[in-house]
Amino acid sequence: MAAYGGSDFYCDVALPDPTALRLVHDDDRVLAFHHTRPFWDVHVVVIPKRHISSLTTVTAEDEADVRALLAVVQAVARDVEREHGAAAVLTNLGTYQDSKHLHVHVHSGPERTTP
Ligand SMILES: [Zn+2]
C-alpha cells in the first residue's frame with residue numbers, strides 16, 4: 001500500500017476500499033483489520049465506520065458506535081490474548097494520534113523496529 005500523508009487514513013483509504021486490508025471483523029458499524037504497517041508482531045486496528053475524531057471527542061450521540069466498537073475491541077483482544085498469552089489495548093490522543101479518526105490498537109509481541 002502506498003504511503004499516505006493525510007490526516008484521516010480511515011475515511012480516506014481504509015473505509016472506501018477495505019478489500020485491500022486483511023480484515024479481522026466487518027459489520028455495519030465497525031471494521032477491524034491487521035495494521036498495514038504493524039508496530040508489533042500482532043497489530044490489529046479497530047475503527048468505527050462513522051467518523052468520530054477521537055476518544056476525547058466522543059459524546060452521547062456516538063454511544064451506539066462506541067458500544068459496537070468496544071464489543072469488537074473486546075472480542076479481538078480476547079482472541080489475541082488466547083492465542084498469544086498477552087495483549088494490550090491502546091488509543092492515541094492529541095499529537096500521539098496520527099490519524100484523526102478514532103481507532104483502537106490491539107497488539108501483542110515485541111515492538112518492531114522497522115515497519
Ligand atoms: Zn474519519
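Which residues lie nearest the centre of the second largest pocket? Hold that thought for a moment, everyone.

Some ground rules. This is a predicted model, where local features need pLDDT of at least 70, side-chain atom pairs count only at pLDDT 80 or more, and totals for chains, interfaces and linings use all residues. Residues are numbered from 1 along each chain as its sequence is written, and side-chain values use heavy atoms, with hydrogens and water left out.

Okay, the answer: His 34, Val 42, His 43, Val 44 and Val 80, out of a lining of 15 residues. A pocket here is an open set of points on a 1 Å grid over the protein atoms alone, where a 1.4 Å probe fits, with protein on both sides within 12 Å along at least five of seven lines; lining residues have an atom within 4 Å of a point. This one holds about 200 Å³ of space, and helix H2 gives the most to its lining, with five residues.

H2 turns up again in the largest nonpolar core, which has 17 residues. By that I mean buried Ala, Val, Leu, Ile, Met, Phe, Trp, Tyr and Cys residues joined through side-chain atoms within 4.5 Å, with buried meaning under 20% relative accessible area, exposed over 50%, and partly exposed in between, using a 1.4 Å probe on protein chains only. Strands E2 (30-34), E3 (40-48) and E5 (104-111) and helix H2 (63-84) each give two or more residues to this core, and H2 has the largest share, eight. Helices and strands are DSSP runs, by the way, of at least four and at least two residues, numbered from the N terminus.

Take a look at Val 76, one of the residues with the most contacts inside that core. Beyond its neighbours within four places in sequence, Val 76 is in contact (heavy atoms within 4.5 Å) with Val 24, Ala 32, Val 44, Val 46 and Val 106. There's also a second, separate core of eight residues, including Phe 9 and Tyr 10.

Those two also lie among the residues nearest the centre of the largest pocket, which has about 480 Å³ of space.

Last, the rings. Phe, Tyr and Trp rings (the six-membered one for Trp) pair if their centres lie within 6.5 Å; planes under 30 degrees apart are stacked, over 60 edge-to-face, and the rest tilted. The whole structure has four such pairs. Phe 9 and Tyr 10 are edge-to-face, because their planes sit at 90°, with ring centres 5.5 Å apart. Phe 39 and Trp 40 are at 55° and 5.7 Å, so that pair is tilted.

Conventions
Grid points are joined across faces, edges and corners, and a volume is the space filled by probe spheres set on the points.
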